Amino acid sequence: MRQIKPNVYAVGAIDWDRRLFDELIPLPDGTSYNAYLIRGSEKTALLDAVDPTKSERLIENLVKVGADQIDYVIAQHGEQDHSGAIPDVLTIYPEAKVVTNPKCKAMLIDLLDVGEDKFVTVADGETLSLGDKILHFLYIPWVHWPETMGTYLEEDKIFFPCDWFGSHLATSSLFVDDEAVVYEAAKRYYAEIMMPFRTAIKKNIEKIDLLQIEMIAPSHGPVYDRPEFIIDAYKDWVSDEVKNEVVMAYVSMHGSVRAMVQHFVDGLIERGITVKQFNLPATDIGELAMALVDAATLVVGSPTVLTGPHPVAAYACVLVNALRPKTKFASIIGSYGWGGKMVEQITGLIGNLKVELLEPVIAKGHPKGGDFTALDRLADQILDKHRELGIAS
Ligand code: FEO
């Protein structure tokens, strides 16, 4: 338990040991579930709760801060890593009302079986007075669920954006103390969680640009006491601009695809293009997602297994398709033994991407002279496309 401003306390939990979120997302640096106690002159509010596995830590912190009474539990988001401990909080503070929006209320009833009579719903822009502190609720849909809302504490100029601007980072530092470290963690978080909602985030940034913000207190990771650091980073990530970069994501079984990748990547580097190469069976998918935040081009490399792509390549394509990066161009390189529909299947798996598909290069068996020439041609074409965008010289 620590104070971030007078009578505003961080009472959440650090999860040093968690290494996987949603049984999918790697957490190399753990995470935190931030909750905040805001004590006004008349009422006290708890802003979000924690993951149910950390319920005890939240309750301990509430005891430490001397929270004899909680009048309101503000639920900004229905996902259980923030809402899961609400039933435990309501058991200890039965007089508390859950303040949220109608969509989130419905989710909390569905997900946590919270009683209908426990809720007070608020509209976008509505306020709640705690006495000398007033909470302003701001709907910020799709960061990253449809019901998410943020809270602005005008008296202290703190914006609580829930998941938005967060980072999966277990740290003893309450505030950002190393911007380079937090930048990486926040970019990873953006790539994995927020990237599919780039357009909605642009609109939400316009909304908060109207607020005077001195501090951003997210629901994961450290608090930003220099908010422009993370707002500017987000403006860059959600912009339509791409960089002179190729993400080369591949898998190779017997070396044919590896030989193609090596030749192709060398060619891209010789043409002045930055390459981020991922051997998919050994890749942290968070690193792959981060590379896709900026890259102009994605190339998938795969052998043919049975009639389609290698399942590891197919898995990566499904993820990329779900993350919907702003990538402009895509291609496929690979090999086959006796036939198959690898190119058609990969193309189908990345159907959400608004990309121009560049001519794939598929070798029969180990690549030979003509295949390497085709790879050189693809590298030339990528350079031309990047030049047309004005990102390559
Ligand atoms: Fe951190 Fe969407 O939950």
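## Cavities, pockets and a helix pair in a predicted model

A search of the whole structure finds two cavities of 30 Å³ or more. The structure is a predicted model, and every value below is computed from it. The report takes the enclosed spaces first, then the open pockets, one helix contact and two backbone features.

### Cavities

The largest cavity has a volume of about 50 Å³. Its lining consists of Ala249, Leu280, Leu288, Leu298, Val300, Ala316, Cys317, Val320 and Ile350. Two elements, strand S19 (295-305) and helix H10 (311-323), give two or more residues to this lining. Helix H10 gives the most, with three residues. By class, the lining of the largest cavity has nine nonpolar residues, no polar residues and no charged residues.

The second largest cavity has a volume of about 40 Å³. Phe21, Asp22, Glu79, Asp81, His144, Asp163, His168, Tyr189, Ile193 and His220 form its lining. Here the classes are mixed: three residues are nonpolar, three are polar and four are charged. Among the residues of this lining are the acidic side chains' carriers Asp22, Glu79, Asp81 and Asp163, and the histidines His144, His168 and His220.

### Pockets

The largest pocket has a volume of about 360 Å³. It is lined by 23 residues, of which Arg2, Gly12, Ala13, Ile14 and Asn34 are the closest to its centre. Strand S3 (13-15), strand S6 (31-33) and helix H1 (55-64) each supply at least two residues of that lining. The lining of the largest pocket divides into 13 nonpolar, seven polar and three charged residues.

The second largest pocket has a volume of about 310 Å³. Of its 15 lining residues, Arg198, Arg324, Pro325, Lys326 and Lys354 are the closest to the centre. This lining holds six nonpolar, three polar and six charged residues.

The volumes and lining classes are set out together below.

| Space | Volume | Lining by class |
|---|---|---|
| Largest cavity | about 50 Å³ | nine nonpolar, no polar, no charged |
| Second largest cavity | about 40 Å³ | three nonpolar, three polar, four charged |
| Largest pocket | about 360 Å³ | 13 nonpolar, seven polar, three charged |
| Second largest pocket | about 310 Å³ | six nonpolar, three polar, six charged |

### Packing of H5 and H7

Helix H5 (residues 179-194) packs against helix H7 (residues 227-238) at an angle of about 45 degrees, and their axes are 11 Å apart. H5 is therefore oblique to H7. The crossing of the two helices is right-handed. On the H5 side, the contact comprises Glu179, Val182, Tyr183, Ala186, Lys187, Tyr189, Tyr190 and Met194. These residues meet Phe229, Ile230, Ala233, Tyr234, Asp236, Trp237 and Val238 of H7. The residues of the contact divide into 12 nonpolar, no polar and three charged. Tyr189 takes part in this contact and also lines the second largest cavity.

### Backbone features

The peptide bond from Val143 to His144 is cis, with omega near 15 degrees. His144 lies in the loop between strand S13 (134-139) and strand S14 (149-153), and it is one of the residues that line the second largest cavity.

Asp113 is not a glycine, yet it has a positive phi of about 60 degrees. Its place is in the loop between helix H4 (102-112) and strand S11 (119-121).

Terms used: Residues numbered from 1 in each chain as written. Predicted model: local features only at pLDDT ≥ 70, side-chain atom pairs only at ≥ 80, totals over all residues. Heavy atoms only, no water. 1 Å grid on protein atoms, 1.4 Å probe; cavity = no way out; pocket = protein on both sides within 12 Å on 5 of 7 lines; lining within 4 Å. Points joined across faces, edges and corners; volume = space filled by probe spheres on them. Helix = DSSP H or I, 4+ residues; strand = E, 2+ residues; numbered from the N terminus. Nonpolar A, V, L, I, M, F, W, Y, C, P; charged D, E, K, R; others polar. Axes fitted to C-alpha atoms, helices over the stretch in contact; angles between N-to-C directions. Parallel < 35°, antiparallel > 145°, perpendicular 65-115°, else oblique. Left-handed = near helix turned anticlockwise from the far one by under 90°. Contact = heavy atoms within 4.5 Å.
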